[in-house]
Structures are given as structure tokens and as C-alpha cells.
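Got your viewer open? Let's take a walk through a structure together, one selection at a time.

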Amino acid sequence: MLTRIISGAVGVVLLIGILFFHDTIVLPIAVGAIIAVMLYELLRAVQLHKCIPVLLAVEACGVLVPFIYNGYSRLCGYDVFFQTFDPNYLSIEVSFAVTIVAAFVIFLTWLRNHKTIRYEQIFFALAVMVLVPQAMSSMVRIDRYSAEDGLFLLVMGLCGAWIADTGAYFTGVAFGKHKLCPEISPKKTIEGFIGGLLITGLVYSASFCIYKGGFEIKTALLTFILGVICAIIGTIGDLSASMVKRQIGFKDYGKIMPGHGGLMDRFDSVLFVLPTFYAFISLTEIFK
């Protein structure tokens, strides 16, 4: 337990340090490092971490994505050129091109090693190479969404998964009787799940209203819905990652955080919540 507490405390300190420098190149560097570790843990789960061409292709694609979304025009210094073009559109195009090149390398490697590498491994690698970088790079996109409100939105996006998890835990301990998915996650209960939804919705609603300087029905309602959606999506992400571990026979994805496991064990729900959060605030334009 002590090891788990110390490890968690170190993680919190590192996160606070990253958030303090959120509006600098530190954020995409940190996100790239997180992505690199998560991808390695996932490739290790399907025994592809020792296949160097696949590992390098997946890692290169993953690490580049947060830098691309950091602002293609600002990163490359082409501010004048991009006055007539949309940098966000170009970021998507560059990200797509990088992914295609990495996929091409993976397929070539598969052709050369088709006797030892199975199609399940290849398509798993392709899936995580797209999902993990795009999802985790939502941290950069959320922060850059608004110069004034980016940090607040980023914190709320990250908390979308963790508030639900904490709320579900305490509600489950107090009232939990019916198992949610006993074969995948024996400790999760239906009562805890419902409690996590309500607590996340209420915390979101209160936090956004306080941040915006007063209660507004529209803001309170939209953010309550956002909190509930994030809690649902986060639970699905958590259960999905747990199901993969059970089918593979892993207890944890890694050991980088003693007492907690790997980064995939800590960010499995965040992986699903961040892009959902970004899509919601973009479509509803809460801060526009």
C-alpha cells in the first residue's frame, strides 16, 4: 500500500509540473512520452515489442502526433504561408500521411515475417497505433482549444475519467450489491456505476458554473450531461482494457508505476474520455 501511495504521489507531482507548463512545448513532449510508453506496453502484450521495424513504426507515428496537433504552422514557423490555409486541416492531413507511412512499414514487415507474425498481431498494432496517439493527443487539442480556458478544460477532461472512477469506488463500497461485469471486473457494481455517473455529472456542473462566474441553466445542464457521458465512456474504456488483459493473461500492462502497473493501467479510461470530451466541447461550443 505504501508503495502504491508513493508512486501515485510522484505521478501527481509530475502531472502538476506538466500542467504548469501546459502552454509550452512541454505538453506535447510529455504527451508523446506517455504515448510511447503506452504503445510499448500494448505491443508487449501481443509479443510484438521485439519486432524492431513494427515497434519503430508504431512508436514514431505515435510520438509525432501530439507535435503535429500542437500547431503545424507554429511548429514549422510558416505563419505567413498558413494565413490562407487552415492549420487544423493541415495537421489532420499530416497526421494521416504519417499514419499511412507507418502502416506501410508494418505491412512490409508482416510480408517478410508472415511465418512468425499472425494477422491478429498486425491488426492489433495498427489499431493501437491509430487509437492511442489520436486519443491521447486530445490533451494538446483541448489545451489549445482556448488560450484563456485551455488549462481548465484540460484538467476537467482528465478528471472526467478519474472522478467517475473515484465516485464509483466509494458508492460501490457503501451501496454496491449487484455486480456490473463480474467476469471482467469483479469489483465493479451497478450501484457504483450509477453513483459514478451522478457524481461526475454534479462535479462537472458545479465546476463549470463556478469557473464561468455564476449559475446558468444551459451551462449546468450541458456540463452535467457531459460528465455523465464521460463517466459512461470511461467505464467502457476501463472494462475494454481489462478484457484485453484477461484474454491475454496479463495482470498489469507494465511496471512503470509500482503498485499501479503500467501507464495503460492508469490511462485506459482517459484514453476514451479525452476525445469524447473534446468532441463535446467543440460541438456544443460551451466556451465560445
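Below is a tour of several stops, each with something to select and something to look for. Before you click on anything, keep in mind that this is a predicted model.

**Stop 1: a loop and the helix after it**

Start with Gln47, which sits in the loop between helix H2 (26–45) and helix H3 (residues 52–69). Its phi is near 60 degrees, a positive value in a residue other than glycine. For background, most residues other than glycine have a negative phi. Is Gln47 buried or exposed? Gln47 has a relative accessible area of 64%, so Gln47 counts as exposed.

Now select H3 itself, residues 52–69. How far apart should the ends of its 18 residues be? At 1.5 Å a residue, the expected span is 26 Å, and the end C-alpha atoms are 26 Å apart, so the two agree. Colour the buried residues of H3 next: among them are Val54, Leu55, Val58, Cys61, Val65 and Ile68. Tyr69 is buried as well, and the next selection shows what lies over its ring: Arg141 is over the face of Tyr69, at 4.5 Å from the ring centre.

**Stop 2: a threonine in H5**

Select Thr109, in helix H5 (residues 87–112). Thr109 has a relative accessible area of 6%, so Thr109 is buried. Which residues does Thr109 touch, not counting those up to four places away in sequence? They are Cys51, Pro53 and Val54. You've just met Val54, one of the buried residues of H3.

**Stop 3: ring hunting**

Time for the aromatic rings. The structure holds 11 aromatic pairs. Show Tyr145 and Tyr278: their ring centres are 6.4 Å apart and their planes are at 85 degrees, and since planes over 60 degrees apart count as edge-to-face, this pair is edge-to-face. Tyr145 lies in the loop between helix H7 (138–143) and helix H8 (150–175), while Tyr278 belongs to helix H11 (residues 263–284), so the pair ties together parts that are 133 residues apart in sequence. Both tyrosines, Tyr145 and Tyr278, are buried.

For another arrangement, pick Tyr204 and Phe208, a tilted pair with 5.8 Å from centre to centre and 45 degrees between the planes. Both are in helix H9 (residues 190–211), four residues apart, or about one turn of the helix. Tyr204 is buried, at 0% relative accessibility, and Phe208 is buried too, with a relative accessible area of 0%. Add Phe152, Tyr211 and Phe277 to your selection, and together with Tyr204 and Phe208 you have one aromatic cluster.

**Stop 4: the core**

Phe208 and Phe277 turn up again here. The largest nonpolar core has 64 residues, and those touching the most other members are Met38, Val132, Met136, Leu153, Phe208 and Phe277. Which helix gives the most to this core? H11 does, with 11 residues.

Zoom in on Val132. Leaving aside neighbours within four places in sequence, Val132 is in contact with Ile35, Met38, Leu39, Leu42 and Leu271.

**Stop 5: a hairpin to finish**

Last, select strand S1 (residues 179–181) and strand S2 (residues 185–189), which run antiparallel and are joined by two bridges. How many residues does the hairpin use to join S1 to S2? It goes through three residues. Click on Lys179 and look across: Thr189 in S2 stands opposite.

Note on methods: Residues are numbered from 1 along each chain as its sequence is written. This is a predicted model: local features need pLDDT of at least 70, side-chain atom pairs count only at pLDDT 80 or more; totals for chains, interfaces and linings use all residues. Side-chain values use heavy atoms; hydrogens and water are left out. Two strands pair if DSSP finds at least two bridges between them. The expected span of a helix is 1.5 Å times one less than its number of residues. Buried means under 20% relative accessible area, exposed over 50%, partly exposed in between (1.4 Å probe, protein chains only). Rings of Phe, Tyr and Trp (its six-membered ring) pair if their centres lie within 6.5 Å; planes under 30 degrees apart count as stacked, over 60 as edge-to-face and the rest as tilted. A charge sits over a ring if NZ of Lys or CZ of Arg is within 6 Å of the ring centre and within 35 degrees of the ring normal. A nonpolar core is a set of buried Ala, Val, Leu, Ile, Met, Phe, Trp, Tyr and Cys residues joined through side-chain atoms within 4.5 Å. Contact means heavy atoms within 4.5 Å.
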